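Reader: Please give me a close look at a single part, a pocket, and then relate its surroundings to the rest of the chain. I am a first-year student, so please explain each term when it is used.

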Amino acid sequence: MALSGCGGGGNGGDTAPASPPAPSTDPPAARTLARSAATAHWPGDVPAGQRRALVVVMTDPALDASPEPALATSLLVAGHVTLTLVGAGRPEAEVADAVDQLCAMPDVPVACETTALLGSGRAAGSIEALARRWAPGAGARIQVRALLTVDAGYVPPGMGMDSAWVRTGLADLTQHGVAMIQSRDDPAAADCGERACGVLPLVVAHGARSQPILSACPAAGPAGVHRPSAGLPDWNAWIVAALQQLLRPWQDRPDAAPGPADLPVNGCLTDLERLRPPGPSLPSIR
């Protein structure tokens, strides 16, 4: 099951993430994977015998205004192992090979059975298909517990028909949690196609099924700008808080600092209803 909150006005700004733990004084460890342009990082102070959740970060170079280094630092401070692949539209097999490589390295303190997928912009296109590839199952080495998209929604299961994308399903919330953050000023936020779906049609579709997801849709400028707003001043803090909330049931962190307060649920859906012009003839989006 996934949870939802939206920072675009409404209730998204009511709950602020708690201050993150202090950065480690030990330098982070790193590993470049031989068969792909991917790099893994993890905190340098992971206790012996302890493993940390894996966050696979797929970035879109077209969104160069996104503070990727700051986000990478925030994920390390939160204690995650990160695997970063740069480039939109990376083949699914290439991403899978990089994750397979990392999870086969015995000297990396990674818990691949607690994996989150984080995609930005066009790089978020394959995130839902990858989550289905690594759906949780008994004894599976790699299990996706959460997927999170930035400057995009995700591409739901479906098919292309007459140059249009026909959705045949949604992310399976019984298998993994979902979080999405995208500016409502981004024209793509309201679209859904074969390569990208915006956050707005997806929150409406999940809302129609009464499925709670984590979503943030601030009025924050075009894609990649991430202009702070009163409801959502810090995108990176929201991303880290969303990951912590979605991964919490599978984390085994006796040394972890107290997590942030839970983000509100179905906030984007609430904001869309609040912004809908009044009138008895307008149907509910639920």
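Author: The account below begins with the pocket and then follows the chain outwards from it.

This is a predicted model, in which local features need pLDDT of at least 70 and side-chain atom pairs count only at pLDDT 80 or more, while totals for chains, interfaces and linings use all residues. Residues are numbered from 1 along each chain as its sequence is written, and side-chain values use heavy atoms, with hydrogens and water left out.

The protein chain has 6 helices and 10 strands; these are DSSP runs numbered from the N terminus, a helix being H or I with at least four residues and a strand E with at least two. Of the 286 residues in the chain, 50% are buried. Buried means under 20% relative accessible area, exposed means over 50%, and partly exposed lies in between, with a 1.4 Å probe and protein chains only.

The part requested is the second largest pocket, whose volume is about 250 Å³. Rolling a probe the size of a water molecule over the atoms shows where empty space is left. On a 1 Å grid over the protein atoms alone, a pocket is an open set of points with protein on both sides within 12 Å along at least five of seven lines, whereas a cavity is a set of points where a 1.4 Å probe fits but cannot get out; a lining residue has an atom within 4 Å of a point. Points are joined across faces, edges and corners, and the volume is the space filled by probe spheres set on them.

Seventeen is the size of the lining in words; in figures, 17 residues line the second largest pocket, and those nearest its centre are Thr59, Glu68, Pro69, Ala72 and Thr84. Two or more lining residues come from each of strand E2 (38–42), E3, H1 and strand E4 (81–86). H1 gives the most, with 6 residues. By kind, the lining holds 9 nonpolar, 5 polar and 3 charged residues. Here Ala, Val, Leu, Ile, Met, Phe, Trp, Tyr, Cys and Pro count as nonpolar, Asp, Glu, Lys and Arg as charged, and the others, Gly among them, as polar.

Asp60 lies in the loop between two of these elements, strand E3 (52–59) and helix H1 (68–77). Asp60 counts as buried because its relative accessible area is 5%. Leaving out residues up to four places away in sequence, Asp60 touches Ala88, Ser120, Gly121, Arg122 and Ala123; contact means heavy atoms within 4.5 Å. A polar atom of the Asp60 side chain lies 2.9 Å from the backbone nitrogen of Arg122. A polar contact is a pair of N or O atoms within 3.5 Å; within protein, one must be able to donate a hydrogen and the other to accept it, and residues adjacent in sequence count only if both atoms are side-chain atoms.

The next topic is the nonpolar interior. A nonpolar core is a set of buried Ala, Val, Leu, Ile, Met, Phe, Trp, Tyr and Cys residues joined through side-chain atoms within 4.5 Å. The largest has 45 residues, and Leu54, Met58, Leu83, Leu117 and Tyr154 touch the most other members. Helix H2 (residues 92–103) gives the most to this core, with 6 residues. Beyond its neighbours within four places in sequence, Leu54 is in contact with residues including Val81, Leu83, Val99, Leu102 and Val110. A second, separate core has 27 residues, among them Ala146, Ala179, Ala216 and Ala220.

Glu128 has a contact with a member of the largest core, for Tyr154 is among the residues that Glu128 touches, as are Leu147, Val155 and Leu170. Glu128 belongs to helix H3 (residues 127–133) and is buried, since its relative accessible area is 1%. The side chains of Glu128 and Arg132 are joined by a polar contact of 2.8 Å. Between the C-alpha atoms of Glu128 and Ala146, 18 residues apart along the chain, the separation is 10.0 Å.

Further along, Gly177 is found in strand E9 (residues 177–181) and counts as buried at 3% relative accessibility. Gly177 and Ile213 are 36 residues apart in sequence, and their C-alpha atoms are 7.2 Å apart in space. Across the chain, 76% of the contacts with a separation of 6 or more join residues 24 or more positions apart.
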